[in-house]
Amino acid sequence: MIRALASAKINLYLDVIRRREDGYHDIETLYQPVSLWDELTYERTPAGIEIEGDDPSIPWNEENLCHRAAALVLESSGAKGGVRIRVAKGIPSGAGLGGGSSDAAATLLAVNELYRCGFSNEELRNLSLALGSDVPFFVFGASAIGRGRGELLEGTPGLAGGWILIVKPDVTVSTKWAYQNLNLILTKGSLGATLTALIEGLQRFPAVRLETRNSFEAGVAERFPSVSAVLSTLRDEKPVMSSLSGSGSACFAVFEVESRAREVCERFSSAGFFTRLVQPVAQAIRISAAERSR
């Protein structure tokens, strides 16, 4: 058996640049893996793919990204056999934190190891784009600039420390809806922060406040007042930086001091929000041998 920990991500920066002829969008983003995890276990079986998870809101069938990822590795390698996958969710779905993509990346890496398929990390990244635009980042595994659909990755130092408060209102934002309702003309009206300036600022963390942007933020905040309220409250706390993650609905704020972050976290938690206090991590997917349960 193999055990994998699959991390969440936040987007420290996210600019949607243009709609492409193939229907996708070109983006420029800064991915940061953080210490919020799903736990997955994998076991070889004679045939077929079985998957079960502890979140009833997620379909655990052949449409699940883990199922599709396992099938992709097995079929591409010609391996004979199947796999049983169990998923314990710690990352909320529909939050812009990449939980499904992270689980898919973990599955690619784990099944590749389980069956000794021999695919390189680069080969798995190429395969992974068929599963979703964020999956190549999680296979890559470290903080990175993402361009194209997000699959053109350039490793770069991310946050070197600090405490990241994640707050998710009780709403789910569909990525498809977010792109369909994105007003690119409006989002380009005032470019504001740039990725280059943010990366330079990160090198001086926590000496300077960090300016960022997220092209989805205005539209999501307008459609979902609870997201707007969370962002406004977070910013009133004067963090080093704050933003929506991905297309939401999770928001985050970066604090220099743990006690300050915990104070703000407790207020949101007592008000009934999903909250997690996390830190940057160097590796998004962690794979190890798992002891068979008796």
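This is a friendly dialogue on reading helices, loops and backbone angles in a predicted model.

Biologist: What should I know about this model before I start?

Modeller: The model is predicted, so local features need pLDDT of at least 70 and side-chain atom pairs count only at pLDDT 80 or more, while totals for chains, interfaces and linings use all residues. Residues are numbered from 1 along each chain as its sequence is written, and side-chain values use heavy atoms, with hydrogens and water left out.

Biologist: How are helices and strands defined here, and what span is expected of a helix such as α10?

Modeller: Helices (H or I, at least four residues) and strands (E, at least two) are DSSP runs, numbered from the N terminus. The expected span of a helix is 1.5 Å times one less than its number of residues. Helix α10 covers residues 258-270, and its 13 residues should span 18 Å at 1.5 Å a residue; the end C-alpha atoms are 18 Å apart, which agrees.

Biologist: Which residues of α10 are buried, and which exposed residues sit on the face turned away from them?

Modeller: Start with the cut-offs: buried means under 20% relative accessible area, exposed over 50%, and partly exposed in between (1.4 Å probe, protein chains only). The buried residues in α10 are Ala261, Val264, Cys265 and Phe268. They cover an arc of only 105° around the axis, which puts them on the same side of α10. That arc is taken from the directions from the helix axis to the C-beta atoms. Ser259, Glu266 and Ser270 are exposed, on the face turned away from the buried side.

Biologist: What do the buried residues of α10 pack against?

Modeller: Contact means heavy atoms within 4.5 Å. The buried residues of α10 pack against β7 (163-168), α9 (225-236), β9 (251-255) and β10 (274-278). Glu263 also lies in α10, but Glu263 is partly exposed, with a relative accessible area of 39%. Glu263 and Leu165 are 98 residues apart in sequence, yet their C-alpha atoms are 10 Å apart in space.

Biologist: How do I read a pair of helices, such as α1 and α2?

Modeller: Axes are lines fitted to C-alpha atoms, for helices over the stretch in contact, and angles run from 0 to 180 degrees between N-to-C directions. Angles under 35 degrees count as roughly parallel, over 145 as roughly antiparallel, 65 to 115 as roughly perpendicular and the rest as oblique. Here, the axes of α1 (residues 65-77) and α2 (residues 99-114) come within 8 Å and cross at roughly 30°. The two helices are therefore roughly parallel to each other.

Biologist: What is the handedness of that crossing, and which residues meet?

Modeller: A crossing is left-handed if the near helix is turned anticlockwise from the far one by less than a right angle, and right-handed if clockwise. α1 passes α2 in a right-handed crossing. Among the α1 residues that meet α2 are Leu65, Ala69 and Val73, and the α2 side includes Gly100, Ala104 and Leu108.

Biologist: Which residues of α1 are buried, and how many of α2?

Modeller: Buried residues of α1 include Cys66, His67, Ala71 and Leu74. The buried residues of α1 pack against β2 (25-45), β3 (49-53), β4 (82-88), α2 and α3 (121-128). In α2, 14 of the 16 residues are buried, so α2 is largely enclosed by the rest of the structure. From its first C-alpha to its last, α2 reaches 22 Å, close to the 22 Å expected.

Biologist: Which backbone angles are worth a second look?

Modeller: Most residues other than glycine have a negative phi, and most peptide bonds are trans. Arg116 has a positive phi of about 50° although it is not a glycine; Arg116 is found in the loop between α2 and α3 and is exposed, with a relative accessible area of 75%. Lys238, also not a glycine, has a positive phi of about 55°. Lys238 lies in the loop between α9 and β8 and counts as exposed at 59% relative accessibility.

Biologist: Where are the cis peptide bonds from Phe205 to Pro206 and from Gly248 to Ser249?

Modeller: The bond from Phe205 to Pro206 is cis, with omega near 5°, and Pro206 is found in the loop between α7 (195-202) and α8 (217-223). The bond from Gly248 to Ser249 is cis with omega near 20°, and Ser249 is in the loop between β8 (241-244) and β9.
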